[in-house]
Amino acid sequence: MTYREDVEGLDASILMHPKVWEASGHIENFTDPMIDCKQCKARYRLDVLGDSMADKKKEKAIRELKESIKNNDTLLKKIDDKIASAGNDDPFTLLLEDSEISKLLLSQLNCPQCGNKGTFTDARKFNLMFKTFIGPVEDSSAVVYLRPETAQGIFVNFLNVQGASRQKLPFGIAQIGKAFRNEINTKNFLFRTREFEQMEMQFFVKAGEDKKWYDYWKAERLQWFKSLGMTPGKLRYHDHPADKLAHYAKEAVDIEYEFPFGWGEIEGIHNRTDFDLSRHEEFSGKSLKYFDDQSKEKFIPYIIETSAGASRSFMAFFVDAYYEEEVKGETRSVLKFHPKLAPVKAAIFPLVNKDGMPEIARKIETDLRKSFKVFYDDKGAVGRRYRRQDEAGTPFCITVDTQTLEDQTVTVRERDSMEQERVSVDQLSVYLLSKLHTS
Ligand code: GAP
């Protein structure tokens with residue numbers, strides 16, 4: 001966003017008028033199917049139940065299900081068709097998502113917690129929005145919701161931002177912020193949490209240009225992950241089939257990363273058409289039409305959404321960057337973050353705490369800190385200091401040594417190659433900037 005003149009930034013409210021969530025469809029549709037074990041009361045999300053089961057168990061359950069309905073040719077064909085169409089998806093989960101098959105399949109399963117068979121309730125819809133109340137009275141007229149996505153704050157502010165920034169179509173509005181979802185099963189560290197950070201961008205375009213911009217952002221967003229060093233072979237697209245699209249989407253794709261626990265979505269790109277702005281116009285009674293001063297027409301733009309989890313993407317960058325390497329008979333743990341992502345860009349060390357070296361190192365630290373996040377360390381042997389910075393993913397370590405006293409140069413050690421070069425103290429800032437922008 002910072003580097004594009006066609007995208008504006010926004011920080012919208014977390015608590016918005018409850019009608020926003022009626023208009024968006026969240027009150028009606030933002031639900032997960034949930035089942036309970038009648039025996040031990042454990043609660044599961046139906047669509048992820050299969051993730052915690054071994055493949056053999058799932059295959060056995062499907063075999064037993066088919067055996068139990070062996071005279072029902074229509075249902076047997078429906079099951080076989082679903083399995084055949086699964087592609088990258090888990091066929092077991094596809095079967096569970098079908099209300100007719102789900103009931104029968106659930107009766108073949110043992111509860112993962114207590115082990116009892118046939119103890120699951122039918123699936124029920126569970127709304128994922130956290131509710132709270134405005135003011136002291138906790139009645140239905142005072143209900144508000146913690147936003148489950150940042151997108152709606154962008155839609156309702158579309159004309160405010162467009163008017164203030166004087167942007168013309170096509171242009172985008174982006175924001176980073178907290179989103180809250182009452183997830184039934186949180187899991188895998190930052191992958192699924194109830195409170196998480198999203199970074200979303202809504203790109204407003206003319207109807208008819210939506211496909212072009214959808215394809216543009218689909219390519220652009222995958223390239224963004226690659227440009228920040230994510231291993232290309234661990235990234236893939238997952239296009240949503242037409243019958244699985246969200247209620248607002250005409251076309252949708254997930255960018256997935258291969259985590260140690262399997263492939264998972266890190267970003268979704270949707271062609272949301274004119275659904276959102278039309279609905280907010282209808283529910284608020286206020287026009288959200290864009291005025292095109294060339295054609296003199298007023299119309300509702302189409303929206304291409306890029307919706308990434310900041311915390312989930314961070315986890316993908318984090319696991320992708322983690323290496324353990326053998327160096328001189330010792331294991332070195334290193335986070336090979338792209339320099340742009342590294343939380344600390346450079347560490348500054350005096351080789352020894354005497355002979356004027358700390359003073360020079362402190363001066364370098366103060367000068368660099370104006371432009372970069374840096375860290376000063378004078379504790380322990382230099383080798384240990386390097387290792388500590390490797391673990392934090394710091395791309396450059398700058399050491400002031402005896403030669404510095406003679407020629408005002410320092411050693412700069414690069415994290416991944418561990419190679420060192422001498423750089424003039426007065427060139428350090430330029431050196432770091434060029435490394436950050438050319439990597
Ligand atoms: N506005 C569209 C939207 O919110 P989404 O696929 O529900 O789409 C977008 O969420 C991104 O938010 C996901 O790709 C994921 O990275 C992140 N995300 C969603 N639920 C999450 C959760 N419970 N914990 C962490 N990240 C989550």
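Which polar backbone atom is 3.0 Å from an oxygen atom of the ligand? That atom belongs to I266. Keep in mind that we're looking at a predicted model here, and let's start at the ligand and work outwards.

The backbone of I266 has company. Its neighbour in the numbering, E265, puts a polar side-chain atom 2.6 Å from an oxygen atom of the ligand. E305 deals with a nitrogen instead: an N or O atom in the E305 side chain sits 2.8 Å from a nitrogen atom of the ligand. Taken on its own, the ligand has 550 Å² of accessible area, and the protein covers 92% of that. Three elements each give two or more residues to the surrounding shell, namely strand 8 (195-205), strand 11 (262-273) and strand 14 (302-309). There are 20 residues around the ligand, and the ones that come nearest are E149, T193, E200, E265 and E305. If you sort the shell by class, you get 10 charged residues, six nonpolar ones and four polar ones.

Now for the sheet that holds those three strands. It is an open sheet of seven strands with mixed pairing, and reading across you meet them in the order 1-7-8-14-11-10-9. Strand 1 (7-9) and strand 9 (235-239) each have a single partner strand, so they stand at the edges with one side lacking a neighbour in the sheet. On average, and ignoring direction, neighbouring strands are turned by 25° against each other. As a general point, the strands of a sheet pair through backbone hydrogen bonds, and the pairing can be parallel or antiparallel. Strand 7 (residues 171-180) and strand 8 are an antiparallel case, joined by 10 bridges. To find your way along that pair, pick A179, whose bridge partner in strand 8 is F196.

Two helices are worth tracing on this sheet. Helix 9 (residues 210-227) lies across strand 8, strand 9, strand 10 (251-259), strand 11 and strand 14, and it runs at about 155° to strand 11. Helix 11 (residues 310-321) packs on the sheet too, touching strand 8, strand 10, strand 11 and strand 14, with a direction about 40° from that of strand 10.

Just before strand 7 there's a loop with a couple of backbone oddities. In general, most peptide bonds are trans, and most residues other than glycine have a negative phi. The bond from L169 to P170, however, is cis, with omega near -5°, and P170 lies in the loop between helix 8 (158-165) and strand 7. R166 has a positive phi, near 55°, and its place is in the loop between helix 8 and strand 7.

Further along the chain, a second sheet awaits. This open sheet has five strands in the order 18-17-19-20-21, again with mixed pairing. Its edges are strand 18 (374-376) and strand 21 (420-424); each has just a single partner strand, so one side of each is left without a neighbour in the sheet. The average turn between neighbouring strands, direction ignored, is 25°. Within the sheet, strand 19 (residues 396-400) and strand 20 (residues 409-414) run antiparallel and are joined by four bridges. One residue to look up is F396, which has E414 of strand 20 as its bridge partner. Finally, helix 13 (residues 382-392) packs on this sheet and touches strand 17 (346-350), strand 18, strand 19, strand 20 and strand 21, while its direction makes about 170° with that of strand 17.

Key. Residues are numbered from 1 along each chain as its sequence is written. This is a predicted model: local features need pLDDT of at least 70, side-chain atom pairs count only at pLDDT 80 or more; totals for chains, interfaces and linings use all residues. Side-chain values use heavy atoms; hydrogens and water are left out. A residue is near a molecule or strand if one of its heavy atoms lies within 4 Å of it. A polar contact is a pair of N or O atoms within 3.5 Å; within protein, one must be able to donate a hydrogen and the other to accept it, and residues adjacent in sequence count only if both atoms are side-chain atoms. Accessible areas come from the Shrake-Rupley method with a 1.4 Å probe; for residues, only the protein chains shown count as cover. Ala, Val, Leu, Ile, Met, Phe, Trp, Tyr, Cys and Pro count as nonpolar, Asp, Glu, Lys and Arg as charged, and the others, Gly among them, as polar. Two strands pair if DSSP finds at least two bridges between them. Axes are lines fitted to C-alpha atoms, for helices over the stretch in contact, and angles run from 0 to 180 degrees between N-to-C directions. Contact means heavy atoms within 4.5 Å.
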